[in-house]
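Take a look at the chain below. Then read on for a short tour of some of its parts.

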Amino acid sequence: MPWWRGRPVCCPGDDRLKAAVIGAGTMGRGIAQVFAQSGHDVVLTDMNQEVLPSALKNIWDSLERLRKKSLIEEEPSQVLTRIRTVKQIDEIGQNDIYIEAIFEKLNAKMDLFRIIDRIAPKSSIIASNTSSISINLLSTTVKAPGRFIGMHFFNPVPVMKLVEIIKAERTEQSTVESVVAIARGLGKEPVTSKDFPGFISNRILMPILKEAMLCLQEGVSTAQEIDRTAKLGLNHPMGPLELSDFIGLDVVMDIMEVLYTEFGEERFKPPIILRNMVNSGMLGRKSGIGFYRYGEE
Ligand code: CAA
């Protein structure tokens with residue numbers, strides 16, 4: 001049995017995992033960073049090869065912020081020696097754990113897991129960072145669903161403590177225990193959830209974001225005042241509209257769509273204001289405009 005199967009990771013660097021992260025967007029690069037920071041060897045890939053250099057630059061910047069605050073001892077360049085980027089999925093090779101962190105589209109994820117399943121050794125764990133898609137459904141793509149699991153990180157990954165671990169019907173308990181141990185070894189706090197739509201976090205978060213959007217849509221107040229209310233009155237670190245821009249309005253809409261389809265309840269239906277913004281390319285921070293404008297004074 002591999003060392004990380006069912007026993008805690010004791011000291012970063014002692015027992016190095018080989019981790020593959022597929023998808024080098026915001027979440028994938030953050031996940032690659034925390035594995036490398038904890039002493040593990042990472043292979044990172046993306047179907048769009050052009051994002052790989054910016055992913056490494058972004059990881060370096062984040063590591064540098066952590067090093068300046070003495071939160072990590074190693075130099076960023078040293079940590080980066082443990083991250084290898086490859087241009088093709090076929091090159092990810094044999095690893096202990098595979099973590100998918102691509103966009104929230106069911107068919108794309110299903111196709112990807114079929115490829116990973118062909119490459120992955122029998123003892124490895126295959127995980128999805130999906131924020132809302134059914135882990136049970138995704139697990140049908142692999143030959144051994146007992147080693148398939150949800151491992152949901154939060155943005156910004158290097159800062160956020162939580163990892164939601166989602167057990168599908170056929171996930172083996174030893175896989176859950178291994179992933180809990182791995183998450184703890186990354187310095188994270190794992191919580192376990194059954195495979196219900198939105199798991200725990202997004203089932204709570206999406207109605208909050210939706211109500212804030214409805215307040216704006218109905219003219220109750222301005223975006224700034226709505227966000228100030230949540231920050232100063234409820235002690236949220238970001239207001240719900242600011243947070244929606246931060247997550248990406250397309251991502252928020254995709255998650256709401258999954259919850260609405262699965263539960264069939266109005267409380268999860270994406271509001272018109274969100275649909276209109278996404279349809280017109282206003283996706284939040286990444287597009288320069290959402291509920292706020294970015295990159296301007
Ligand atoms: N790497 C390293 N350090 C980072 C960082 C990164 N990528 N991003 C922020 N930090 C650090 C900063 O250096 C700073 O450290 P100090 O306080 O020690 O100086 C600290 O985090 C706070 O950052 P800032 O001062 O830049 O800004 P801030 O105080 O506004 O905090 C924030 C930024 C941490 C993002 C904070 O606003 C926050 O917690 N927001 C809420 C984030 C959240 O809710 N995330 C979950 C989204 S939902 C999700 O991800 C899941 C899903 O399925 C949709």
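This report covers two helices, some charged pairs, one loop residue and one surface patch.

## The model

This is a predicted model. Residue numbers start from 1 along the chain.

## Helix 10

Helix 10 runs over residues 249-263. Does its length fit its residue count, and what span should its 15 residues give? At 1.5 Å a residue, helix 10 should span 21 Å. The expected span is 1.5 Å times one less than the number of residues. The end C-alpha atoms of helix 10 are 21 Å apart, so the model agrees with the expected span.

Seven names make up the buried set of helix 10: L249, V252, M253, D254, I255, M256 and L259. An α-helix has 3.6 residues a turn, so residues three or four places apart point the same way. The buried residues of helix 10 pack against helix 7, helix 9 and helix 11. Just after helix 10 comes G264, with a positive phi of about 65°.

## Helix 9

Helix 9 covers residues 240-247. Which of its residues are buried? They are P240, L241, S244, D245 and F246. Their cover includes helix 7, helix 8 and helix 10. Helix 8 spans residues 223-234.

A glycine follows here too. G248 sits just after helix 9 and takes a positive phi of about 110°.

## Charged pairs

Side chains of opposite charge can pair when their charged atoms come close. How many salt bridges does a search of the whole structure find? The search finds 16.

One of them joins K109 and E104, at 3.0 Å from N to O. Are these two residues buried or exposed? K109 is buried, because its relative accessible area is 1%. E104 has 13% relative accessibility, so E104 counts as buried as well. The cut-off for buried is under 20%.

A salt bridge also links K105 and D254, at 3.1 Å from N to O. K105 lies in the loop between strand 4 and helix 4, and D254 lies in helix 10, so the pair ties together parts that are 149 residues apart in sequence. D254 is among the buried residues of helix 10. K105 has 41% relative accessibility, so K105 counts as partly exposed.

R275 and E257 meet in another salt bridge, at 3.0 Å from N to O. R275 is in helix 11 and E257 is in helix 10, so this pair ties together parts that are 18 residues apart in sequence. R275 is partly exposed, at 26% relative accessible area. E257 is partly exposed too, at 25%. Elsewhere, salt bridges that share partners join E64, R67 and E75 into one network.

## A buried serine

Where is S124? S124 sits in the loop between helix 4 (106-119) and strand 5 (125-128). Its relative accessible area is 0%, so S124 is buried. A polar atom of the S124 side chain lies 2.7 Å from the backbone oxygen of P121.

## A nonpolar patch

Which residues make the nonpolar surface patch? They are V191, I200, I204 and I208. The patch measures about 300 Å².

I208 belongs to helix 7, which covers residues 201-217. I208 is partly exposed, with a relative accessible area of 35%. Residues in such a patch need over 30% relative accessible area, so the 35% of I208 passes that cut-off.

How values were computed
This is a predicted model: local features need pLDDT of at least 70, side-chain atom pairs count only at pLDDT 80 or more; totals for chains, interfaces and linings use all residues. Side-chain values use heavy atoms; hydrogens and water are left out. Patches are made of residues with over 30% relative accessible area and no salt bridge: like charges are joined within 9 Å, nonpolar side chains (Val, Leu, Ile, Met, Phe, Trp, Tyr) within 5 Å. Accessible areas come from the Shrake-Rupley method with a 1.4 Å probe; for residues, only the protein chains shown count as cover. A salt bridge is a side-chain nitrogen of Lys or Arg within 4 Å of a carboxyl oxygen of Asp or Glu. Helices (H or I, at least four residues) and strands (E, at least two) are DSSP runs, numbered from the N terminus. Buried means under 20% relative accessible area, exposed over 50%, partly exposed in between (1.4 Å probe, protein chains only). A polar contact is a pair of N or O atoms within 3.5 Å; within protein, one must be able to donate a hydrogen and the other to accept it, and residues adjacent in sequence count only if both atoms are side-chain atoms. Contact means heavy atoms within 4.5 Å.
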